[in-house]
Amino acid sequence: MNRISWLAVPDEQSAHEGVQKLWAKAEANLGFVPNVFRAQALNGEAFLAWWNDFNTLVNRDGHLSPLERELIGVTVSSVNRCVYCAVSHGAALREYSGDPAWADTVAVNWRHAALTERQAALCAFAEKLTRTPADMTERDLTPLRAAGLNDHEILEATQVTGMFNMTNRVSSALGFTPNAEYHTRNR
């Protein structure tokens, strides 16, 4: 059986109208509907609220580059061992970097990837915030500042890290399966 979630997944006819529109937009832009869109559509209003926040933090222009936001997402997803997000955002990191081997190395262990000082600082920060949030202190911002990040970028890095942690937990708790397209995308 090819399931994308351990919960029920609505079909197009029973999905919330706003969700149907988002699915159509994804199909037009990506050529497929991400399984995370289908799996979370069971609670349409909550899914659309999540998507609005996720889209704002990860997909729109911000203070960090798209590559940096995906680098954080892949690092967090790797630490959390979230299959769905590591695979889907690994594909995005391959796209933004143009270097599949580098992106795959980040997805397994960012410390083995050739990173700039700024990228390494972002990964270390995201990893610590993911693993031991109660241990965070003001000193944890020092490497970010030393690598040239300003307060806007640090706040965005923190928000992106938090969003991926929440999304990883939902995806892992409910067994979300990545679309097959993600495995071959941008290779």
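Visitor: Which residues does Arg 69 touch, not counting residues up to four places away in sequence?
Guide: In this predicted model, Arg 69 is found in helix H4. Its relative accessibility is 2%, under the 20% cut-off, so Arg 69 counts as buried. Leaving out residues up to four places away in sequence, Arg 69 touches Leu 57, Val 58, Asn 59, Arg 60, Asp 61, Gly 62, Leu 64, Glu 156, Val 160 and Phe 164.

Visitor: Which backbone oxygen lies 2.5 Å from a polar atom of the side chain of Arg 69?
Guide: Leu 64 is among the residues that Arg 69 touches. The backbone oxygen at 2.5 Å from a polar atom of the Arg 69 side chain is that of Leu 64.

Visitor: Which helices do the buried residues of H3 pack against?
Guide: Helix H3 covers residues 44-59. Its buried residues are Gly 44, Phe 47, Trp 50, Trp 51, Phe 54, Asn 55, Leu 57 and Val 58. They pack against H1, H2, H4, H5 and H9.

Visitor: Why are the buried residues of H1 on the same side of the helix?
Guide: The buried residues in H1 are Val 19, Leu 22, Trp 23 and Ala 26. An α-helix has 3.6 residues a turn, so residues three or four places apart point the same way. On the other side of H1, Glu 17, Lys 21, Lys 25 and Ala 28 are exposed. The buried residues of H1 are on the same side because they cover an arc of only 105 degrees.

Visitor: What is the phi of Gly 31?
Guide: Helix H1 takes in residues 17-30. Gly 31 comes just after H1, and its phi is positive, at about 90 degrees.

Visitor: How many residues apart in sequence are the parts that Arg 187 and Asp 104 tie together?
Guide: The side chains of Arg 187 and Asp 104 meet in a salt bridge, at 2.7 Å from N to O. Arg 187 lies in the segment after helix H10 and Asp 104 in helix H6, so the pair ties together parts that are 83 residues apart.

Visitor: Is Glu 127 buried or exposed?
Guide: Glu 127 forms a salt bridge with Arg 111, at 2.4 Å from N to O. Arg 111 lies in the loop between H6 and H7, while Glu 127 lies in helix H7. Glu 127 has a relative accessible area of 10%, under the 20% cut-off, so Glu 127 is buried.

Visitor: How far apart are the closest N and O atoms of Lys 128 and Asp 140?
Guide: Lys 128 is partly exposed, whereas Asp 140 is buried. In their salt bridge, the distance between the closest N and O atoms is 2.9 Å.

Terms used: Residues are numbered from 1 along each chain as its sequence is written. This is a predicted model: local features need pLDDT of at least 70, side-chain atom pairs count only at pLDDT 80 or more; totals for chains, interfaces and linings use all residues. Side-chain values use heavy atoms; hydrogens and water are left out. Helices (H or I, at least four residues) and strands (E, at least two) are DSSP runs, numbered from the N terminus. The expected span of a helix is 1.5 Å times one less than its number of residues. Buried means under 20% relative accessible area, exposed over 50%, partly exposed in between (1.4 Å probe, protein chains only). The arc is that of the directions from the helix axis to the C-beta atoms. Contact means heavy atoms within 4.5 Å. A polar contact is a pair of N or O atoms within 3.5 Å; within protein, one must be able to donate a hydrogen and the other to accept it, and residues adjacent in sequence count only if both atoms are side-chain atoms. A salt bridge is a side-chain nitrogen of Lys or Arg within 4 Å of a carboxyl oxygen of Asp or Glu.
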